[in-house]
Amino acid sequence: MGRPINKKYFGNRNVSDPNSTGDDYGIGGQYVSAIATGTAGSAYSQGLTATVAAPTITGGVTATTSVGVYANGVISGYTVTDGGSGYTSAPAITLVKPGNITIASANVSGTTGSNVLTITSSTTGIYVGMQVSATGVNASATFVSVVNPGNVILSLVNAANISGNALFYDAGTSGAAGTVSLS
């Protein structure tokens with residue numbers, strides 16, 4: 001007599017994560033129930049996201065997650081927002097940093113000794129923790145502390161009046177998800 005087949009391979013074993021929004025009745029497999037914080041990394045912005053690899057069973061629903069980032073730029077943890085379905089093994093988690101944002105010199109201003117950049121265009125896409133590079137910004141370690149409509153407050157005061165374009169970017173490195181648990 002052979003070994004029994006694992007029940008996760010049979011259809012209609014589960015209907016995915018109870019919080020799932022997908023229609024996956026009868027798919028089988030498992031869902032992502034938790035993602036542990038592995039390596040917290042450093043210098044991430046609060047715009048960091050994560051993607052979960054697709055399930056291994058055809059017709060399964062891809063899980064989704066959100067990433068928490070502390071004000072000091074380290075990853076605080078992951079929250080499974082939809083566990084998906086159709087997983088027979090733990091999926092890979094990929095960190096995705098937000099894209100760089102360049103604000104044209106005509107739309108950004110700041111004065112020596114102030115930590116405020118006034119922005120006359122949109123602040124969409126600028127996140128707390130992003131590094132800032134512009135002529136007059138104090139060193140390469142200056143990062144965004146607060147984002148308001150119309151201005152951005154920096155961690156350090158400006159060394160000089162701001163001139164030229166301002167580049168906002170996520171400098172995060174070395175972060176990685178830990179163990180992915182399936183149910």
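In this predicted model, an open sheet is built from 4 strands, arranged in the order S7-S8-S11-S10 with antiparallel pairing. The edge positions belong to strand S7 (108–109) and strand S10 (144–148); each has a single partner strand, so one side of each is left without a neighbour in the sheet. At one of these edges, S7 is joined by 2 bridges to strand S8 (residues 116–119), and the two run antiparallel. A handy landmark here is Val108, which stands opposite Ile119 in S8.

At the other edge, S10 pairs with strand S11 (residues 151–154) over 4 bridges, again in the antiparallel sense. Asn148 is found opposite Asn151 in S11. The hairpin of S10 and S11 has 2 residues between the strands, and within this hairpin Gly150 adopts a positive phi near 95 degrees.

Stepping back to the whole chain, the model contains 13 strands and 0 helices. Read from the N terminus, the elements therefore follow the pattern β-β-β-β-β-β-β-β-β-β-β-β-β. Of the contacts between residues at least 6 apart in sequence, 67% join residues at least 24 apart. Buried residues account for 37% of the 183 residues in the protein chain. The chain exposes about 9,000 Å², and 52% of that area comes from carbon and sulfur atoms.

The interior can be followed through its nonpolar cores. The largest of them holds 15 residues, among which Ile126, Val144 and Phe168 touch the most other members. At least two residues of this core come from each of S8, S9, S11 and strand S12 (163–169). A second, separate core has 14 residues, including Val32, Ile35, Val52 and Val69. Val144, in the largest core, repays a close look in the viewer. Setting aside neighbours within four places in sequence, Val144 contacts Ile126, Tyr127, Val128, Gly129, Met130, Val132, Val152, Ile153, Leu154 and Phe168.

Gln46 offers a view of a loop position, placed between strand S1 (32–42) and strand S2 (49–52). With a relative accessible area of 39%, Gln46 is partly exposed, because this value falls between the 20% limit for buried residues and the 50% limit for exposed ones. Beyond residues up to four places away in sequence, Gln46 touches Val69, Tyr70, Ala71, Tyr127 and Val128. For Val69 there is a further detail: its backbone oxygen lies 3.2 Å from a polar atom of the Gln46 side chain. Val69 is also one of the members of the second core, while Tyr127 and Val128 appear among the contacts of Val144. Gln46 and Pro98 are 52 residues apart along the chain, and their C-alpha atoms are separated by 9.0 Å.

A word on confidence completes the picture. The mean pLDDT of the protein chain is 89, with 85% of its residues reaching 70 or more. Among the elements, the highest mean pLDDT, 98, belongs to strand S5 (residues 93–96), and the lowest, 93, to strand S9 (residues 131–135). Over residues 11–16, by contrast, the pLDDT is below 50, and this stretch has 21 contacts in the model beyond near neighbours in sequence. Where pLDDT is low, the predicted coordinates should not be read in detail.

Technical notes
Residues are numbered from 1 along each chain as its sequence is written. This is a predicted model: local features need pLDDT of at least 70, side-chain atom pairs count only at pLDDT 80 or more; totals for chains, interfaces and linings use all residues. Side-chain values use heavy atoms; hydrogens and water are left out. Two strands pair if DSSP finds at least two bridges between them. pLDDT is the predictor's confidence in each residue, from 0 to 100. Contact means heavy atoms within 4.5 Å. Buried means under 20% relative accessible area, exposed over 50%, partly exposed in between (1.4 Å probe, protein chains only). A polar contact is a pair of N or O atoms within 3.5 Å; within protein, one must be able to donate a hydrogen and the other to accept it, and residues adjacent in sequence count only if both atoms are side-chain atoms. Accessible areas come from the Shrake-Rupley method with a 1.4 Å probe; for residues, only the protein chains shown count as cover. A nonpolar core is a set of buried Ala, Val, Leu, Ile, Met, Phe, Trp, Tyr and Cys residues joined through side-chain atoms within 4.5 Å.
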